[in-house]
Amino acid sequence: MKKFTCVQDIGDLKSALAEAFEIKKDRFKYVELGRNKTLMMIFFNSSLRTRLSTQKAAFNLGMNVMVLDINQGAWRLETERGVIMDGDKPEHLLEAIPVMGCYCDLIGVRSFARFEDRDFDYKETILNQFIQYSGRPVFSMEAATRHPLQSFADLITIEEYKKTARPKVVMTWAPHPRPLPQAVPNSFAEWMNATDYDFVITHPEGYELDPAFVGDAKVEYDQMKAFEGADFVYAKNWAAYTGDNYGQILSKDRAWTVSDRQMAVTNNAHFMHCLPVRRNMIVTDDVIESPQSIVIPEAANREISATVVLKRLLEGLK
Ligand SMILES: CCC[C@H](NC(C)=O)C(=O)O
Ligand SMILES: NC(=O)OP(=O)(O)O
């Protein structure tokens, strides 16, 4: 594997899942693979799970790790080509990227959507500059339009907890005080559409995601109807994608907050969320603390998804 930015990069999902469960049984099985190899993790945005689980995954494979928070300690970076750099940014990404590539073997990048220009975001301008100019294999630690390490961990978790071969999985929008990226819901939809699950998306009108990610998923504007018979509920907030509303908050309607009311019409569904979660906006305390909540095992599986991805990138170096 030469990059990991989307579901297609991991190849056959059944093989990827088999590798994940093999590693889950013995996560140090490939500890020699990464000896004297260095992972560089570059964050343009905050992180807890990705930062910790990906470092742990690198240690599982015997790698060295360097972490750079671009906006703390490094030079502020200009990302637009052609700009006259007479402002507050002393360095351009087009120099910084190949320099960073000199010091490592693999690069992970976190660079959220900026919500200033939909084309800039949806062309994955920042991530693709790392792919083009670093000279190293690059993987996404959540970019503008996808979060594949999260989605892979989500799939591992559903496979571990499902009670039927084709579970009903419902992704629901929920309110949030800030406009959040579409990367997590886009990516979850992309991975769910690559399985044979019964996948439904539910959100208020105006929150339609990019059709390229929605694919053949059923979209249901009535949340209660969507929840009927669900085996898994995956809650997430996202800002509007369509038209002039791009990056905007259209609703903070807390009738969409996942509570016992909605969970009561499911098939005793498991509750999932990628975290961090705003309690009593996205989900009530009772639901996220209930026996059906699997948000912690879901977060634990981030170490497993990252170990499989780093292993395949290291194998691709040979
Ligand atoms: C894993 C989630 C990261 C980010 N969350 C926030 C709060 O910015 C998001 O919603 O994309
Ligand atoms: N789910 C996830 O990626 O969490 P962080 O933003 O804390 O890394």
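A pocket, in the sense used here, is an open set of grid points where a 1.4 Å probe fits, with protein on both sides within 12 Å along at least five of seven lines. In this predicted model, ligand 2 sits in the largest pocket, and the space taken by ligand 1 is the largest pocket as well.

A good place to begin is ligand 2. Its surroundings consist of Ser 47, Leu 48, Arg 49, Thr 50, Arg 110, His 147, Gln 150, Cys 274, Leu 275 and Arg 302. By class, this shell holds three nonpolar, four polar and three charged residues. Domain 1 (3–146 + 302–315) and domain 2 (150–299) each supply at least three residues of the shell. Two arginines make polar side-chain approaches to oxygen atoms of ligand 2: Arg 49 at 2.9 Å and Arg 302 at 2.9 Å. Cys 274 contributes through its backbone, with an N or O atom 2.8 Å from a nitrogen atom of ligand 2. Taken alone, ligand 2 exposes 260 Å², of which the protein buries 93%.

Turning to ligand 1, the neighbouring residues are Phe 112, Glu 142, His 147, Leu 180, Pro 181, Lys 236, Cys 274 and Leu 275. His 147, Cys 274 and Leu 275 thus appear around both ligands. The shell of ligand 1 comprises five nonpolar residues, one polar and two charged. Side-chain N or O atoms of Glu 142 and Lys 236 lie 2.7 Å and 2.6 Å, respectively, from an oxygen atom of ligand 1. On its own, ligand 1 has 330 Å² of accessible area, and the protein covers 87% of it.

Definitions and conventions:
Residues numbered from 1 in each chain as written. Chains lettered and ligands numbered in written order. Predicted model: local features only at pLDDT ≥ 70, side-chain atom pairs only at ≥ 80, totals over all residues. Heavy atoms only, no water. Near = heavy atom within 4 Å. Polar contact = N/O pair within 3.5 Å; in protein donor to acceptor, adjacent residues only side chain to side chain. Areas by Shrake-Rupley, 256 points an atom, 1.4 Å probe, with all protein chains shown as cover. 1 Å grid on protein atoms, 1.4 Å probe; cavity = no way out; pocket = protein on both sides within 12 Å on 5 of 7 lines; lining within 4 Å. Sits in = over half its atoms within 2 Å of the grid points. Nonpolar A, V, L, I, M, F, W, Y, C, P; charged D, E, K, R; others polar. Domains from an automatic or database assignment.
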